[in-house]
Each structure stands twice: as structure tokens, then as C-alpha cells.
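Me: I would like a careful look at one part of this model, set against the rest of the chain. Please take your time and keep the reasoning explicit.

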Amino acid sequence: MDTLLIQLTNQKALGLLHEMEELHLIKVLKENTAEKPKLSDKYKGIISKEEGQKLNEHIKQMRSEWNSI
């Protein structure tokens, strides 16, 4: 037996899959298994370390300015 991962492009396909399961043609293992990647993994390597440090310094400066208001 082969195991396949599929992505539905039309919600009607889900009904067809369940009908096929009732006919014992396939077995649905899991539904909605799509996991969101962590933001740290998604954006890792997008900006350089130096740019990241500059961004952190800028954020700290903005926060201190905001808190002094």
C-alpha cells in the first residue's frame, strides 16, 4: 500500500474522499494536517546578522521614545 499526501483544491473533493473511504477504496488517515511553520524558521536567513542587530537597536530606541511620552 502507498501513502500519499494530497492538497484539496476544491472542497467537493473532501466529500468524494469520504465516499471512497465508505467503499473501502481508501482510508483517510488525518484531516487538516497542515501545520504553520514557526516564524523563526520561516524568516531565518532573510536579513543578515548585522541588519538584525541594527533593527533591534532601532526597536529599543523607539520603545524608549514611546515610554518617555
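In which helix does Ala13 lie? Please describe that part closely, together with its surroundings.

Reply: Ala13 lies in helix α1, and it should be said at the outset that the model is a predicted one. The helix runs over residues 12–22, with Glu21 also found in it. The secondary structure as a whole comes to three helices and zero strands, and the order along the sequence is α-α-α.

Ala13 has a relative accessible area of 23%, and since buried means under 20% and exposed over 50%, the residue counts as partly exposed. Its C-alpha atom is 20 Å from that of Asp2, a residue eleven places away along the chain.

Further along the helix, Glu21 falls into the same class as Ala13, because its relative accessibility of 27% makes it partly exposed. Leaving aside residues up to four places away in sequence, Glu21 touches Ile26, Lys27 and Val28. Val28 appears again in the account of the largest pocket, where it is one of the residues that lie nearest the centre, together with Leu4, Ile6, Leu29 and Lys30. That pocket holds about 1,000 Å³ of space and is lined by 21 residues, which by class are twelve nonpolar, five polar and four charged.

Following the chain out of helix α1, one comes to His24, which lies in the loop between α1 and α2, the latter covering residues 39–42. His24 counts as exposed, because its relative accessibility is 73%, on the far side of the 50% cut-off. Its backbone also deserves attention: His24 is not a glycine, and yet its phi is positive, at about 60 degrees. Most residues other than glycine have a negative phi.

Helix α3 gives a view of how the parts are spread in space. It covers residues 49–67, and Trp66 lies in it, as does Glu65. Trp66 counts as exposed because its relative accessibility is 64%, whereas Glu65, at 44%, counts as partly exposed. The C-alpha atoms of Trp66 and Glu22 are separated by 61 Å, with their positions 44 residues apart along the chain. For Glu21 and Gln53, 32 residues apart in sequence, the corresponding distance in space is 53 Å, C-alpha to C-alpha. From Glu65 to Leu39, 26 residues away along the chain, the C-alpha separation is 27 Å.

These distances can be read beside the dimensions of the protein, whose C-alpha trace spans about 65 × 30 × 15 Å along its principal axes. The radius of gyration is 24 Å, where a compact globule of 69 residues would have one near 11 Å. Burial is correspondingly worth stating: of the 69 residues, 3% count as buried. The accessible surface comes to about 7,500 Å², and carbon and sulfur atoms account for 55% of it.

Returning to helix α1, then, the picture is of a stretch in which Ala13 and Glu21 are both partly exposed, with Glu21 in contact with Ile26, Lys27 and Val28, and with the exposed His24 following in the loop between α1 and α2.

Note on methods
Residues are numbered from 1 along each chain as its sequence is written. This is a predicted model: local features need pLDDT of at least 70, side-chain atom pairs count only at pLDDT 80 or more; totals for chains, interfaces and linings use all residues. Side-chain values use heavy atoms; hydrogens and water are left out. On a 1 Å grid over the protein atoms alone, a cavity is a set of points where a 1.4 Å probe fits but cannot get out, and a pocket is an open set with protein on both sides within 12 Å along at least five of seven lines; lining residues have an atom within 4 Å of a point. Grid points are joined across faces, edges and corners, and a volume is the space filled by probe spheres set on the points. Ala, Val, Leu, Ile, Met, Phe, Trp, Tyr, Cys and Pro count as nonpolar, Asp, Glu, Lys and Arg as charged, and the others, Gly among them, as polar. Helices (H or I, at least four residues) and strands (E, at least two) are DSSP runs, numbered from the N terminus. Buried means under 20% relative accessible area, exposed over 50%, partly exposed in between (1.4 Å probe, protein chains only). Contact means heavy atoms within 4.5 Å. The radius of gyration is taken over C-alpha atoms; the globule rule is 2.2 Å times the number of residues to the power 0.38. Accessible areas come from the Shrake-Rupley method with a 1.4 Å probe; for residues, only the protein chains shown count as cover.
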